[in-house]
Amino acid sequence: MTKPRGLDDHEYRKRVKALRDLRIPRCWICGRAIDYTLPPRHTMGFTADHVEPRSLGGDLYGELRPAHRACNSRRGNRVGRRPKTIAFTDPGVL
Ligand SMILES: [Zn+2]
């Protein structure tokens, strides 16, 4: 069994860095400014959010957008207005 590609994947990290380097000024979830000088673990610091969550079948190399750490974790597995229950659906059966 091979280990699935994770967030420590080299190519993924490169993509996150590229997104960070763009210095997009706003969080795509709440629309407020992102302070790129904050430490990476800060709740209002930069994170790369998957437009299509990986837990819903989104690819590790799928589209990324900048988000606050707090917003990213609040959004969790929800996409837009989809009902919360979809997070408990196995993407393999959709
Ligand atoms: Zn935000």
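With which residues is alanine 67 in contact, leaving aside its neighbours within four places in sequence? In this predicted model, the contacts of alanine 67 beyond that window are Cys27, Trp28, Ile29, Thr47, Asp49 and Asn72. Ala67 also belongs to the largest nonpolar core, a set of 5 residues completed by Cys27, Ile34, Phe46 and Cys71. In soluble globular proteins, nonpolar side chains tend to be buried together.

The strand pairing was examined next. Strand S2 (residues 64–68) pairs with S1 in the antiparallel sense, over 5 bridges. Within this pairing, proline 66 of S2 is the bridge partner of alanine 48. S1 is largely enclosed by the rest of the structure, because 4 of its 5 residues are buried.

Helix H1 (10–21) is hardly covered, with a count of 0 buried residues among its 12 residues. From its first C-alpha to its last, H1 reaches 16 Å, close to the 16 Å expected at 1.5 Å a residue. Just after H1, a positive phi of about 50° is found at arginine 23.

Proline 25 is placed in the loop between helix H1 and strand S1 (46–50). This residue counts as exposed because it has 11 C-beta neighbours inside 10 Å, and 12 or fewer is the criterion for that class. Not counting residues up to four places away in sequence, proline 25 touches Ala33 and Ile34, and Ile34 is one of the residues of the largest nonpolar core. A separation of 8.6 Å divides the C-alpha atoms of proline 25 and proline 66, which lie 41 residues apart along the chain.

Methods:
Residues numbered from 1 in each chain as written. Predicted model: local features only at pLDDT ≥ 70, side-chain atom pairs only at ≥ 80, totals over all residues. Helix = DSSP H or I, 4+ residues; strand = E, 2+ residues; numbered from the N terminus. Buried ≥ 20, exposed ≤ 12 C-beta atoms within 10 Å, placed from the backbone. Contact = placed C-beta atoms within 7 Å. Core = buried A, V, L, I, M, F, W, Y, C linked by C-beta atoms within 7 Å. Expected span 1.5 Å × (residues − 1). Pairing = 2+ DSSP bridges.
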